[in-house]
Amino acid sequence: MAPPQDGKAAEVKEESVPQRPISDVVFIIAMKKEASPLVEKFQLTEESNSLFPKGVPWVRYSGKYKDLNINIVSPGKDIVLGVDSVGTVSASLITYASIQALQPDLIINAGTAGGFKAKGACIGDVYLASDVAFHDRRIPIPIGKLSTGDSLDMCPHDETAIIANDATVKDMEGAAVAYVADLLRTPAIFLKAVTDIVDGDRPTTEEFLENLAAVTAALDQAATRVVDFINGKNPLEL
Ligand code: SAH
């Protein structure tokens with residue numbers, strides 16, 4: 001499986017895009033704490049009639065907001081470990097299953113991320129990433145502004161790859177969502193709110209947990225502005 005080669009996975013391809021306003025939007029959100037404020041904001045309800053395979057922990061909330069049918073899909077709690085199923089594997093699976101089942105006009109991967117102060121990121125900043133790439137595949141490709149890997153921490157090898165390639169934010173799902181959205185020709189955008197400074201002096205886990213609640217509020221506001229902006233527009237107008 002190749003990662004997005006030129007980091008332009010989010011790019012909207014003209015031939016595959018409907019010339020009508022966006023009507024169906026699917027948010028892919030890794031953690032329940034990140035999803036809950038938006039579920040409330042858009043007044044969505046949890047769907048019990050699952051479109052997904054029996055027994056998976058994936059959770060879907062849906063409802064109408066303005067002219068848009070909005071679904072928020074989360075991977076839910078790991079069946080064995082009981083923690084949010086963060087990371088690229090679950091993100092790919094729920095993106096694939098959601099596109100198959102719901103045929104959305106647009107995917108929005110919203111979540112938290114580590115930010116690099118060397119690139120100007122501060123706690124609570126929300127980035128709308130245009131480029132995404134994986135950083136832990138040891139494949140020497142140009143790295144995008146949002147860099148994705150399956151670890152919350154950063155080993156020296158990743159650090160060299162990420163910083164040398166100019167990433168501003170680092171997460172654990174974005175490039176996986178981009179890969180599947182690109183595979184299925186579905187436009188995708190990436191909204192990432194900074195919970196921790198990767199190149200700062202505080203331990204990532206401590207800073208992440210401390211800021212999670214406040215920063216998801218910033219994510220919630222930014223996501224609402226994005227949804228208000230796309231309401232009534234077709235994908236080429238974004
Ligand atoms: N123990 C936590 C796990 C959180 S993993 C729990 O289950 O409650 C961190 C999540 O926040 C991932 O979804 C990731 O996309 C995002 N994230 C925030 N800061 C990050 C960083 N510095 N590096 C990678 N991902 C980060």
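Start at the ligand and pick Leu152: a polar backbone atom of this residue is 3.4 Å from a nitrogen atom of the ligand. Bear in mind as you click around that this is a predicted model.

Stay with the ligand and add Met172, where a backbone N or O atom lies 2.9 Å from a ligand oxygen atom. Then show the side chain of Thr112, which has an N or O atom 3.0 Å from an oxygen atom of the ligand. Now switch on a surface, if you like: on its own the ligand has 570 Å² of accessible area, and the protein covers 85% of that.

Next, widen the selection to the shell. What does it hold? There are 18 residues around the ligand, and the closest are Thr112, Lys170, Met172, Glu173 and Asp196. Colour the shell by residue type and you get 8 nonpolar, 5 polar and 5 charged residues.

Which elements give two or more residues to this shell? They are strand E5 (106-115), strand E9 (169-171), strand E10 (188-197) and H5. E5 gives the largest share, with 3 residues.

Follow H5 for a moment, since it is on screen anyway. Select residues 204-230 for the whole helix, and find Ala213 in it. Is Ala213 buried or exposed? Its relative accessible area is 58%, over the 50% cut-off, so Ala213 is exposed. Now add Pro37: the two residues are 176 apart in sequence, yet their C-alpha atoms are 9.6 Å apart in space.

Time for the rings. Searching the whole structure turns up 3 aromatic pairs. Select Phe27 and Phe42 to see one that is tilted, because the ring planes are at 35 degrees, with centres 6.1 Å apart. Phe27 is in strand E1 (residues 24-28), while Phe42 is in the loop between helix H1 (32-41) and strand E2 (45-46), so to speak a link between distant parts of the chain, 15 residues apart. Both rings are tucked away: Phe27 is buried at 0% relative accessibility, and Phe42 is buried at 2%. Add Tyr65 to complete the picture, as Phe27, Phe42 and Tyr65 form one aromatic cluster.

Move on to Phe52 and Trp58. This pair is edge-to-face, with 70 degrees between the planes and 5.4 Å from centre to centre. Phe52 counts as buried at 6% relative accessibility, and Trp58 also counts as buried, at 17%.

For the last stop, select Lys233 and Phe229. The charged end of Lys233 sits over the Phe229 ring, 3.9 Å from the ring centre.

Notes. Residues numbered from 1 in each chain as written. Predicted model: local features only at pLDDT ≥ 70, side-chain atom pairs only at ≥ 80, totals over all residues. Heavy atoms only, no water. Helix = DSSP H or I, 4+ residues; strand = E, 2+ residues; numbered from the N terminus. Buried < 20%, exposed > 50% of the residue type's maximum accessible area, 1.4 Å probe, protein only. Near = heavy atom within 4 Å. Polar contact = N/O pair within 3.5 Å; in protein donor to acceptor, adjacent residues only side chain to side chain. Areas by Shrake-Rupley, 256 points an atom, 1.4 Å probe, with all protein chains shown as cover. Nonpolar A, V, L, I, M, F, W, Y, C, P; charged D, E, K, R; others polar. Phe/Tyr/Trp six-rings, centres within 6.5 Å; stacked < 30°, edge-to-face > 60°. Lys NZ or Arg CZ within 6 Å of the ring centre and 35° of its normal.
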